[in-house]
Amino acid sequence: MEGCSRRNPFSLFPLVALAIVLALALHVKTCNATTPLHTHQGNASTEFIRTSCSVTPYPRLCFASLSSHSSAIAASPKQLAYTALSVSLNSTSWTRALMSNLSLGHGMKRKEVGAMKDCIKTVSDSVDQLRRSLRKMEHLGGPELEFQISDIRTWVSAALTDDDTCMDGFEGNAANRGIKSIVRRHVLKVARLTSNALALVTNLA
């Protein structure tokens, strides 16, 4: 074995180190080529929503309610309006369920129960109008675009009127402040979301 040359164990170290450096450089280059693009797309969608919301009556609420849907909205005005209507519908449906539960509460006066049931009815009408609007939005486009948008605006406006009617009727009764506060807070939010959705639908024209 004395005639066999021994290989220096460190002779391969420069090659291994070079391979690691090249692999790291390739990884960094790949990350730089993909990550900023995704981030840019996300930022672009978020800025689109922020800019679009600036034309609504309640821009902060608009952005807060829609920014989490930025990936679905992208930079589509139609998808933005559709999502705004969906958010308004979900909030309105939830509020109706809340008031239905409150109307079953013991200790409420007869006038309070009556006012709550009237409010539930008008909010239910609002839910129907918003659902009608969403169905129309799903087939939006073509030569009758203006007429379609006009129909949607009419239904969303009717939903907004229903929300206002609910509050007007409830305020006219001698309900306790706690019940009034709960109803007012939730119906007011629904009305504002609906107002924002109406503005975004109008902007499509």
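## Salt bridges

In this predicted model, the side chains of Asp-125 and Lys-121 meet in a salt bridge, with a distance of 3.8 Å from N to O. The two residues are four places apart in helix H5, and so about one helical turn separates them. Their surroundings are not described by one word, because Asp-125, with a relative accessible area of 28%, is partly exposed, whereas Lys-121, with a relative accessible area of 53%, is exposed. Side chains of opposite charge can pair when their charged atoms come close.

The count of salt bridges comes to three. Another of them joins Arg-50 to Glu-47, where the closest N and O atoms are 3.4 Å apart. Arg-50 and Glu-47 are three residues apart in helix H1, which covers residues 13-53, and therefore about one helical turn lies between them. Arg-50 is partly exposed, with a relative accessible area of 41%, and Glu-47 also counts as partly exposed, at 41% relative accessibility.

## A bridge between helices H5 and H6

Lys-136 forms a salt bridge with Asp-151, and the closest N and O atoms of this pair are 3.8 Å apart. This pair links distant parts of the chain, since Lys-136 belongs to helix H5 and Asp-151 to helix H6, with their positions 15 residues apart in the numbering. Lys-136 counts as partly exposed at 27% relative accessibility, and Asp-151 counts as partly exposed at 31%.

Asp-151 also takes part in a second pairing of positions, this time described by the backbone: the C-alpha atoms of Asp-151 and Ser-133 are separated by 7.9 Å, although the two residues are 18 residues apart along the chain.

## Other residues of helix H6

Helix H6 covers residues 145-171, and Gln-148 is found in it. Is Gln-148 buried or exposed? At 11% relative accessibility Gln-148 counts as buried, because the cut-off for that word is under 20%. When its neighbours within four places in sequence are left aside, Gln-148 is in contact with Lys-136, His-139, Leu-140 and Gly-141. Lys-136, named in this list of contacts, is also the residue that forms the salt bridge with Asp-151.

Thr-165 is found in helix H6 as well, and with a relative accessible area of 39% it is partly exposed. The C-alpha atom of Thr-165 is separated by 7.0 Å from that of Thr-122, a residue that is 43 residues away along the chain.

## Helix H4 and its two partners

Two packed helices are described by the angle between their axes and the distance between the axes. For helix H4 (residues 77-103) and helix H5 (residues 110-137), the axes come within 9 Å and cross at roughly 160 degrees. That angle makes H4 roughly antiparallel to H5, because angles over 145 degrees are given this description. The crossing of H4 and H5 is left-handed, and the contact of H4 with H5 has, by class, 15 nonpolar, nine polar and three charged residues.

How do the axes of H4 and helix H7 (residues 177-204) cross, and within what distance do they come? These axes cross at roughly 160 degrees and come within 9 Å, and H4 and H7 are therefore roughly antiparallel to each other. H4 passes H7 in a left-handed crossing. Sorted by class, the contact of H4 with H7 has 19 nonpolar, six polar and one charged residues.

## The loop before helix H4

Ala-74 has its place in the loop between helix H3 (70-73) and H4. What is the phi of Ala-74, a residue that is not a glycine? The phi of Ala-74 is positive, at about 55 degrees. Ala-74 is partly exposed, with a relative accessible area of 38%.

Definitions and conventions
Residues are numbered from 1 along each chain as its sequence is written. This is a predicted model: local features need pLDDT of at least 70, side-chain atom pairs count only at pLDDT 80 or more; totals for chains, interfaces and linings use all residues. Side-chain values use heavy atoms; hydrogens and water are left out. Axes are lines fitted to C-alpha atoms, for helices over the stretch in contact, and angles run from 0 to 180 degrees between N-to-C directions. Angles under 35 degrees count as roughly parallel, over 145 as roughly antiparallel, 65 to 115 as roughly perpendicular and the rest as oblique. A crossing is left-handed if the near helix is turned anticlockwise from the far one by less than a right angle, and right-handed if clockwise. Ala, Val, Leu, Ile, Met, Phe, Trp, Tyr, Cys and Pro count as nonpolar, Asp, Glu, Lys and Arg as charged, and the others, Gly among them, as polar. Buried means under 20% relative accessible area, exposed over 50%, partly exposed in between (1.4 Å probe, protein chains only). Contact means heavy atoms within 4.5 Å. A salt bridge is a side-chain nitrogen of Lys or Arg within 4 Å of a carboxyl oxygen of Asp or Glu.
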